[in-house]
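Welcome! Here is a short briefing to read alongside the model, moving from overall figures to strands, cores and charged pairs.

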Amino acid sequence: MKFDTILCHYAEVGLKIGNRRFFENWLKQNIKASLLTVISKEEFDIKRIHGRILVELKKDISKNKENITRALSDTFGVAYFAFAKTVSQDIKLIREESLSILNENQFETFKIKARRPDHRFLLTAQQVNEDVGAFVLSKINKTVKLNDPDITCFIDIVQGVSYLYTKKIIGPGGLPTGANGKVVGLLSAGIDSPVATIMAMKRGASVILVHFHSVPMTTEDSIEKVKQLTEVLRRYQSRIHLYLVALAPIQKEILVKTKEKFRILLYRRFMIRIAEMIAKKDKAKALITGESLGQVASQTLGNIAAIESVSTIPILRPLIGLDKQEIMDLAKQYGTYDISILPDQDCCSLFVPKHPATNAKKQYLDQEENNLKIDDLMKEAIDSIEYVNIK
Ligand code: ATP
Ligand code: MG
C-alpha cells in the first residue's frame, strides 16, 4: 500500500478529560522528536486531529518504514499506530481504495471496520461497513467474517477526509514522557535502575539522570556504561541530561569515620541528598530508584526507611513489586540489559562490609553522621558535578 499518513492513536491520554489538550500536545511534540531521529523535518507535518495525532508525509519514506516503526514503538503515550492512505470522503473512492488495499494481501476472510467521528459524512459507520463490504464481495470471491478475520480494512472518517489501513501496530502505551513533570533518576550501571527510569518515563515523567562514581578508587567503567545506557534511554526521552557525581571523597570519610556495617547505607544517604539538591535546582519533584523490596541487604524495609529519612521529596520505586527475573525481562525488552551486564566496578561494591546492617534505624545513621562534616562533603560533591551532553 502506498501510504501518505501515519495515524497515531493514544491510550489513556484521551481519558484525561480536563487536560486532554495538554497531554495531546506533549504527545505530538514527543512523536515529532522521535520521528526527527529517523526522518528530516522537511519530510512530514504533524497535527492533532479528533482523538488522534496525524503525521502527514510529504515525501515517500517507504525505505524508512522500519525505522519509523521502531521510533514510534518507543514513544510512550502511543497506544497503536498505522500507516494509512488518505482518501477523500467519497464513498465510491472509499470502495475502490478499500478493494485495492485488501487485494494487496493474501486472505480468505475479511471485514470492514469504519469509524466516523466526522458526522458531516452522511453514512454511519455501520452503513459504510455494509456498503464497502458488499462492494468487495461483488468483486472478489472472499468471505466476510466479523469475528477474527484474516484481514480488516479500517476506514477512519475524520475531519474532512478518510484514512484507510489494514495494520494496527501496537505502541508502548503509557503517557507522554514529560507530561507529568520532572523527576531525578538515580542511575547505577546495574540492571534495575535503567528499567525503573524507563518505567517512570512510561508514566509521563521526564527523568534527569544522576550517576555516582568512585573514580579514582575505581575504573571509569561505570561512567562509560552509564553513558551507553543514557543513549538507550534517549529512545524513550529524546532530551535527556546526565549528571556525574564523584562520591569518592565522601566514601573516604565514611570509611575512616563511621562503623563498617553502616557504610553502604551512609553512601546511599549522601546519594539521596545530592540527588535531591539536583532535583531542587532543576525543579524536579521526586527521586526514582531501582530498588525492589528485599532484593539485597540495603533494601529491607528498615534500611529503606533509614536511608529515605534524609529526603524531603518523595522517592519513587517503580520496581518495588517485581522479581529479579521480571526486571531482567523488562531490561531485555527495553534494550538496556546487554549494557547493564557488562563488567564494572560499582561505587557501592567498594569495601563492602562483611556483615552489613540489615535493619538499621534512622537514629543509628544520624549518630554515625555526627562524625562527618556533612555540609563540607556535600559542597565538595556538588562542585564535582559534571554534566554530560549526550548527543
Ligand atoms: P541496580 O541494578 O539499579 O544497580 P541494585 O539491585 O544493584 O540496583 P543497589 O545497588 O542496592 O541495587 O541500588 C539501589 C538503587 O540505588 C539503584 O537501583 C539506583 O537507583 C541507586 N544507585 C545505586 N548505586 C548508584 C550509583 N552509583 N549511582 C546512582 N544511583 C545508584
Ligand atoms: Mg547496583
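A residue is called buried when its relative accessible area is under 20%, exposed when over 50%, and partly exposed in between. By that cut-off Arg52, with a relative accessible area of 6%, is buried. Please keep in mind that this is a predicted model.

**The protein overall**

- The secondary structure comes to 13 helices and 15 strands.
- The C-alpha trace spans about 85 × 40 × 35 Å along its principal axes.
- The protein has 391 residues, and 52% of them count as buried.
- Its accessible surface comes to about 18,400 Å², with 52% of that belonging to carbon and sulfur atoms.
- If we take contacts between residues at least 6 apart in sequence, 80% of them join residues at least 24 apart.

**Strand E11 and its neighbours**

- A good place to start looking is strand E11, residues 206-213, where eight of eight residues are buried.
- Which residues cover the two faces of E11? Ser206, Ile208, Val210 and Phe212 are on one side, Val207, Leu209, His211 and His213 are on the other, and all are buried.
- Strand E10 (residues 182-186) runs parallel to E11, and five bridges join the two.
- Within this pairing, Lys182 of the chain stands opposite Ser206 in E11.
- To get from E10 to E11, the chain passes through helix H5 (residues 192-202), making a right-handed β-α-β crossover.
- E11 is also joined by five bridges to strand E12 (residues 241-246), again in a parallel arrangement.
- Here Val210 is found opposite Tyr243 in E12.
- The connection from E11 to E12 goes through helix H6 (residues 221-233), and this β-α-β crossover is right-handed.

**Nonpolar cores**

- As background, nonpolar side chains tend to be buried together in soluble globular proteins.
- In this model, the largest nonpolar core has 37 residues, and those touching the most other members are Val184, Leu186, Val210, Phe212, Ile250, Ile274 and Leu287.
- Which elements give two or more residues to this core? They are E10, E11, E12, helix H7 (248-257), helix H8 (263-281), helix H9 (301-308) and helix H13 (374-384).
- Helix H8 gives the most to this core, with 10 residues.
- Ile250 touches Phe270, Ile274, Leu377 and Ala381, leaving aside residues up to four places away in sequence.
- There is also a second, separate core of 35 residues, whose members include Val183, Ile198, Val226 and Ile339.

**Salt bridges**

- How many salt bridges are there? The count comes to 26.
- One of them pairs Asp156 with Arg52, where the closest N and O atoms are 3.3 Å apart.
- This pair links distant parts of the chain, with Asp156 in strand E7 (residues 151-158), Arg52 in strand E3 (residues 52-57) and their positions 104 residues apart.
- Is Asp156 buried or exposed? Asp156 has a relative accessible area of 0%, so it counts as buried.
- The partner, Arg52, is buried because its relative accessible area is 6%, and buried means under 20%.
- Glu97 forms a salt bridge with Lys85, and the closest N and O atoms there are 3.4 Å apart.
- Glu97 lies in helix H3 (residues 91-103) and Lys85 in strand E4 (residues 78-88), so this salt bridge ties together parts 12 residues apart in sequence.
- Glu97 is partly exposed, with a relative accessible area of 22%, and Lys85 counts as partly exposed at 22% relative accessibility.
- Lys379 forms a salt bridge with Asp383, with the closest N and O atoms 2.9 Å apart.
- Both Lys379 and Asp383 lie in helix H13, where they are four residues apart, about one turn of the helix.
- Lys379 counts as exposed at 54% relative accessibility, and Asp383 is exposed with a relative accessible area of 56%.
- Finally, Arg269, Arg273, Lys362, Asp366 and Glu369 are joined into one network by salt bridges that share partners.

Key:
Residues are numbered from 1 along each chain as its sequence is written. Chains are lettered from A and ligands numbered from 1 in the order in which they are written. This is a predicted model: local features need pLDDT of at least 70, side-chain atom pairs count only at pLDDT 80 or more; totals for chains, interfaces and linings use all residues. Side-chain values use heavy atoms; hydrogens and water are left out. Buried means under 20% relative accessible area, exposed over 50%, partly exposed in between (1.4 Å probe, protein chains only). Two strands pair if DSSP finds at least two bridges between them. A crossover is right-handed if, with the strands pointing away from the viewer, the path from the first strand over the helix to the second runs clockwise. A nonpolar core is a set of buried Ala, Val, Leu, Ile, Met, Phe, Trp, Tyr and Cys residues joined through side-chain atoms within 4.5 Å. Contact means heavy atoms within 4.5 Å. Accessible areas come from the Shrake-Rupley method with a 1.4 Å probe; for residues, only the protein chains shown count as cover. A salt bridge is a side-chain nitrogen of Lys or Arg within 4 Å of a carboxyl oxygen of Asp or Glu.
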